[in-house]
Amino acid sequence: MLTRTPRTPLVGVVLTMLAMLTALLPAASVQADPSAALSVQQSVTRYQAQARAVTNNRREAHDLVKLRRGKCVQRFARRQASWMARHETMKHQDLGPILRRCNLRSVGENVAYGYPTGRAVVRAWMHSKGHRANILNPGYRLLGMAMRRSDNGTPYAAQVFGRR
């Protein structure tokens, strides 16, 4: 009588080999790096502060008053930069709601994308007739400045100007 030893199913062999290979690989960490999130926020804060400072420097060079931060216009700038980054497209928002909700007499907006620093984006705006006119508008007193990055890291920036 011929007896056979049972064969190990192919699936079992493959699983055994995978287990052996996995044991040889270094363990990968899946914990989020909290300093990375902080670094991203610091980058956004630095970009916005730089753009605000350069904007006010340009105004001072033209004997205009510095623009103050305005909570309401800041909210609209943040919302617009976030929208553009999320949709990876640049566009102006409807300024009517800003006039009404922020109780303003006049409002303006600058938008851009792809500029790596706050200084670079303001420099570009200053080389554009319409954007320059917003920055140097003697009637404006308030400034909201925001930058957000798209999923691929592209910076999208929005400035909202206003006067009560």
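# Worked exercises on a predicted fold

Buried residues make up 37% of the 164 residues in the protein. Keep in mind as you go that this is a predicted model.

**Exercise 1. Work out how the protein is laid out along its sequence, and how far apart in sequence its contacts reach.**

Step 1: count the elements. You should get 6 helices and 4 strands.

Step 2: put them in order. Reading along the sequence gives α-α-β-α-α-β-α-α-β-β.

Step 3: check the contacts. Taking those with a separation of 6 or more, 67% are between residues 24 or more positions apart.

Step 4: look at the outside. The accessible surface comes to about 10800 Å², and carbon and sulfur atoms hold 56% of that.

**Exercise 2. Decide which stretches to handle with care, going by pLDDT.**

Step 1: start with the overall score. The average pLDDT is 85, and 75% of the residues score at least 70.

Step 2: find the weak spots. Residues 1-6 have a pLDDT below 50, and beyond near neighbours in sequence they make 0 contacts in the model. Residues 25-38 are also below 50, again with 0 contacts beyond near neighbours in sequence.

**Exercise 3. Rebuild the sheet: what is the strand order, and which strands sit at the edges?**

Step 1: write down the order. The sheet is open, has 4 strands in the order 1-3-4-2, and its pairing is mixed. Strand 1 and strand 2 (106-113) are the edge strands, each pairing on one side only.

Step 2: go through the pairs.

- Strand 1 and strand 3 run parallel, with 2 bridges; arginine 68 has leucine 142 of strand 3 as its bridge partner.
- Strand 3 and strand 4 are antiparallel over 8 bridges, and glycine 144 is matched with valine 160 in strand 4.
- Strand 2 and strand 4 (residues 155-163) are antiparallel too, over 8 bridges. Here valine 111 has alanine 158 of strand 4 as its bridge partner, while glycine 108 stands opposite phenylalanine 161 in strand 4.

Step 3: add the helix. Helix 3 packs on the sheet and touches strand 1, strand 2, strand 3 (142-149) and strand 4. The direction of helix 3 makes about 25° with that of strand 3.

Step 4: ask how covered the strands are. Strand 2 is mostly covered, with 6 of its 8 residues buried. Strand 3 is largely enclosed by the rest of the structure, because 6 of its 8 residues are buried.

**Exercise 4. Take the link between strand 3 and strand 4 apart: how many residues lie between them, and is serine 150 buried or exposed?**

Step 1: name the motif. Strand 3 and strand 4 form a hairpin with 5 residues between them. Glycine 153, in the turn, has a positive phi of about 95°.

Step 2: place the serine. Serine 150 lies in the loop between strand 3 and strand 4.

Step 3: apply the cut-off. Buried means under 20% relative accessible area; serine 150 has 6%, so it is buried.

Step 4: see what surrounds it. Leaving aside neighbours within four places in sequence, serine 150 is in contact with Ala85, Glu88 and Tyr156.

**Exercise 5. Find the residues other than glycine with a positive phi: where do aspartate 63 and glutamate 88 lie, and how exposed are they?**

Step 1: recall the background. Most residues other than glycine have a negative phi.

Step 2: take aspartate 63. Its phi is positive, about 55°, and it is found in the loop between helix 2 (34-61) and strand 1 (68-69). With a relative accessible area of 75%, aspartate 63 is exposed.

Step 3: take glutamate 88. Its phi is near 50°, also positive, and it lies in the loop between helix 3 (71-87) and helix 4 (96-101). At 41% relative accessibility, glutamate 88 counts as partly exposed. You've met this residue already, in contact with serine 150.

**Exercise 6. Describe the disulfide: which cysteines does it join, and where do they lie?**

Step 1: count. There is 1 disulfide.

Step 2: identify the pair. Cysteine 72 is joined to cysteine 102, with an S to S distance of 2.0 Å.

Step 3: locate both ends. Cysteine 72 is in helix 3 and cysteine 102 in the loop between helix 4 and strand 2, so the pair links distant parts of the chain, 30 residues apart.

Step 4: give the handedness. The angle about the S-S bond is -80°, and the link is left-handed.

Step 5: check burial. Cysteine 72 and cysteine 102 are both buried.

Note on methods
Residues numbered from 1 in each chain as written. Predicted model: local features only at pLDDT ≥ 70, side-chain atom pairs only at ≥ 80, totals over all residues. Heavy atoms only, no water. Buried < 20%, exposed > 50% of the residue type's maximum accessible area, 1.4 Å probe, protein only. Contact = heavy atoms within 4.5 Å. Areas by Shrake-Rupley, 256 points an atom, 1.4 Å probe, with all protein chains shown as cover. Pairing = 2+ DSSP bridges. Axes fitted to C-alpha atoms, helices over the stretch in contact; angles between N-to-C directions. Disulfide = S-S within 2.5 Å. pLDDT = per-residue confidence, 0-100.
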